[in-house]
Every structure is written in C-alpha cells, then in structure tokens.
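I opened my notebook for a fresh look at one protein. My plan was to start with the whole chain and then turn to the odd spots in the backbone.

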Amino acid sequence: MKFEIKEVEDKEIWENFLLKCQEKTFLDSWNWGEFQKKEGSRISRLGIYKNEELIASALVIKIKAKRGTFLFVPHGPNIKIQNNNLELKTEILKILVRKLRNLAKKEKAIFIRISPIWERNNENIKIFKNLGFKDAPIHIHPETTWELDIFFPEEKILMNMRKTTRYLIKSALKNSDIVIEKSKDIINIEAFDKLYQETASRHKFSPFSLDYLKNEFLAFNSDEQVLIFLGKYKNEIVSSVIIIFWQGIAFYHQGASSLKFSKIPVSYLLQWNAIKEAKARGCKKYNFWGTAPLKKVNDSFKIINKKHPWSGLSLFKMGFGGNEKEYVKTQDLILSPKYYFNYIVERIRKKKR
C-alpha cells in the first residue's frame, strides 16, 4: 500500500474531493485558503494519496504572532467518506504530522495546531494522544456546533422548533415594520460592522477588523457563496448576519445586533429568512456555528450551562431545532520550549474571554 502527500494546486480537484467528505466546514474550502492569502498568511493545501487516489486533505496556515510562529490546520484533516477505519485515520494523521514537522522546521514554527473535524470520541482522541498531541489552551474555531437538517418542508422545520421560537417568527411575519433584506453588495459590510462593533463592546470580545470582514466576504462572493442579511425595524438596521453557502451547507458565521428594540423579534425572522434562502440554494444543512457545550445530566439528557458566556446566544440558536456536534478539542504538538510562553499567554486570553 503506497501513501504519498503532496500539494494540491487545482481548485477543481480540491473542491471535488471535499464533496466526497462527510465532515467539513467552509474553513476547508479553496476560498478560505484564498482569504487567508488576502490576509497575508502563507498557506499549503496538502493532499494525502493512497495508491494514487486522493483520500484526505488539509489546509495548512502559517500563523505569525508575537508569541511565536505556528502551523495551523483549521477543521481538518478531511477524509473521504468510508467506514470509521481507525487504522487508516491513524496512518493519515501520521503522514500529515511528518509533513507538518518538516514544514515547521522550514518556517521556524514552535508548534503545530490542529482543530480537528473528527467526532469527539475516545477512539479519535486516542489517535491524537498517541502521536504526542495535547489539548490546546484555547480554541480558534468552534469545537462545539449546532446543526439543523433543512431538507424537510418548511412546515416541518417550523414544527420542530422550540414553541417560543416558532411563535416569535410568526409574530414577526405579521409585523409590517419588520423588513429583512439580503445583499451581495460589499458596501453593506460597513452597515454590518457598525452593529458588530456594538455587539463586541457589549459582550466584551475582540472583533475582527473591517478589512478582515471585507476580505472574507470578497473571497466567497466571487463564487456567489455569501450573503449579508439585514434586519430592519421601522427602517433602522437592528440585526445582521453573514451567511456562507458551501457544498450544500449554510453557515451562520458572523452575527451582530443592537439592544435597541430588543423585544422586537427581528433576529428570529432574519434567521428564518436565511434558512429559507439556504433551502432555495439546495442546502441540506444549516450550521449555526459555535455554541456553548451542553451539560450532561444523564446518558440521555443534556441542558445548557447557564453560567457559560454563550448561553443566551446558544439558547437562541438551539431554539430553531437541530443537534449538537462536538469535534475533538483543538490539539497542539509542541516543537520547542518557546511553546510554553505561548501557552501562558493563551491561558490568560481564555480567562479574559
């Protein structure tokens, strides 16, 4: 059995391979790589071949930070749909790590970070542990997400929602002062950003810059894979989201809102319109992106941890129906003692979050 790893330089080959992968997010897409290049990062698109057949892929991003350079694989590696072959997954990760070690030496990186797209279970956790990885002190992208199947008729999707969510959507539909607009015009990023900065200040998180938001939008807009939704009440924008549509999945990636008119259910109708747009585009799933992990009560029942800073937003997202997805926690492979300074800095940042 011959394995080989090499760069994939053809967009069609990359995207067509990902169509064969069950677990994936837009962070694996060709356009996310293009966005990273716009942001000034060096990237590698690695393909792992078995007997000349592409069976796995990983986007690798070189992150340069004051606390040290590291290599990052967001939501990867991706593996072609197959039965859960632990032996093959182990071999794929071994080959990838070998390549990443060589790249890290060349780029003078002090550690390798992987944010896996693999289900969080004992077998997958063990594969990383056996290769010397440890849990990272912080995550960059969601490790817990909420996903809704939207291939059902609209009526059934509504019926599967929390009663309060369904009621608020129907109330908003009757309110003529609520208007939802969708746009692919980059000028509306500025309207989004205004609300986004307000949201960041209210929830005390570090927002992305306006240039970052514009570059992300432009990277996906060229393939008509992104829309901005603007929720207005009495002609004033009070809620907005950026939705990415990729390979049959819609991702609620960026969101912002104002406290003004907070009792008016604009955000509920906004999400419902985004879900309907996703259905119209042929998407089968709607991914609400990051949520607070559910707290296990017993083997068959979980609840939201109300002490978690994302509990309110998570309750809003979960109200639309769907299921929790948990990936293996972000993993670090230490290559230099300098890593421990980075570890301390990120631990402090996590507490501030």
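**Odd spot one.** I started with P77, which sits in the loop between β4 (68-74) and β5 (78-79). I should say that I'm working from a predicted model. The peptide bond joining G76 and P77 is cis, with omega at about -5 degrees. That caught my eye, since most peptide bonds are trans.

**Odd spots two and three.** Next I looked up phi. Most residues other than glycine have a negative phi. K108 isn't a glycine, yet its phi is positive, about 60 degrees. I found K108 in the loop between α3 (86-107) and β6 (111-115). Is K108 buried or exposed? It's exposed, because its relative accessible area is 71% and the cut-off for exposed is over 50%. Q247 also has a positive phi without being a glycine, at about 50 degrees. I tracked Q247 down to the loop between β11 (236-246) and β12 (249-257).

**Zooming out.** I noted eleven helices and 17 strands in the protein. The C-alpha trace spans about 60 × 45 × 40 Å along its principal axes. How does the radius of gyration fit a compact globule? For 353 residues I'd expect a value near 20 Å, and the protein has 21 Å, so the two agree.

**Inside and outside.** I wrote down that 51% of the 353 residues count as buried. For contacts with a separation of 6 or more, residues 24 or more positions apart account for 73%. The exposed area is about 18100 Å², with 50% of it from carbon and sulfur atoms.

**Charges.** I listed 64 positive and 40 negative side chains. The centres of these two sets lie 7 Å apart.

Terms used
Residues are numbered from 1 along each chain as its sequence is written. This is a predicted model: local features need pLDDT of at least 70, side-chain atom pairs count only at pLDDT 80 or more; totals for chains, interfaces and linings use all residues. Side-chain values use heavy atoms; hydrogens and water are left out. Helices (H or I, at least four residues) and strands (E, at least two) are DSSP runs, numbered from the N terminus. The radius of gyration is taken over C-alpha atoms; the globule rule is 2.2 Å times the number of residues to the power 0.38. Buried means under 20% relative accessible area, exposed over 50%, partly exposed in between (1.4 Å probe, protein chains only). Contact means heavy atoms within 4.5 Å. Accessible areas come from the Shrake-Rupley method with a 1.4 Å probe; for residues, only the protein chains shown count as cover. Lys and Arg count as positive and Asp and Glu as negative; His and the chain ends are not counted. The place of a charge is taken as NZ of Lys, CZ of Arg, CG of Asp or CD of Glu.
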